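Student: Please show me the sequence and the model, and then we can go through them by question and answer.

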Amino acid sequence: MLMIYSSRESWAGLSTEQRDGIGRAHAELYQELSEQGLLVSAGGLADPITSKTVTVRAGATLTTDGPYAEAKEHLAGYYVVECSLDQAIGYAARMPDAEYVAVEVRPVMGLSGLEM
């Protein structure tokens, strides 16, 4: 999984031209990964302020508005790709976000082997 991190400050510091360039670069990468059959899923995430945090305590489900953790950076989007780690690192480096904030690469673990 390629996880794109951002912050309000980093996004606000970009020009309209830079933001448009980021959008075009993602569209091109999305198309390339799709055509190569490597793309499993991808998407952007809404602003963290729209989050709902869910907890269960003593059998009661509680929801609170906003993100659970207070952090400067937040997960802004993701790509799930089926490829080698080296390939994933290469794709992450091509994301324009890597120039401004960070793109994290982390293997996705399957649920096989878990006791059900």
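Tutor: For charges, Lys and Arg count as positive and Asp and Glu as negative, while His and the chain ends are not counted. The place of a charge is NZ of Lys, CZ of Arg, CG of Asp or CD of Glu. The model is predicted: local features need pLDDT of at least 70, side-chain atom pairs count only at pLDDT 80 or more, and totals for chains, interfaces and linings use all residues. Residues are numbered from 1 along each chain as its sequence is written, and side-chain values use heavy atoms, with hydrogens and water left out.

Student: How far apart are the mean positions of the positive and negative charges of the protein?

Tutor: The protein has 8 positive and 16 negative charges. Their mean positions are separated by 8 Å.

Student: In what pattern do the helices and strands follow one another along the sequence?

Tutor: Helices (H or I, at least four residues) and strands (E, at least two) are DSSP runs, numbered from the N terminus. The protein has four helices and six strands. Their order is β-α-α-β-β-β-β-α-α-β.

Student: Which element gives the most residues to the largest nonpolar core?

Tutor: A nonpolar core is a set of buried (under 20% relative accessible area, 1.4 Å probe, protein chains only) Ala, Val, Leu, Ile, Met, Phe, Trp, Tyr and Cys residues joined through side-chain atoms within 4.5 Å. The largest one has 13 residues, and Leu2, Leu33, Tyr79 and Met95 have the most contacts inside it. Two or more residues each come from β1 (2–7), α2 (16–35), β5 (73–81) and α3 (85–94). The element that gives the most, with three residues, is α3.

Terms used: Buried < 20%, exposed > 50% of the residue type's maximum accessible area, 1.4 Å probe, protein only.
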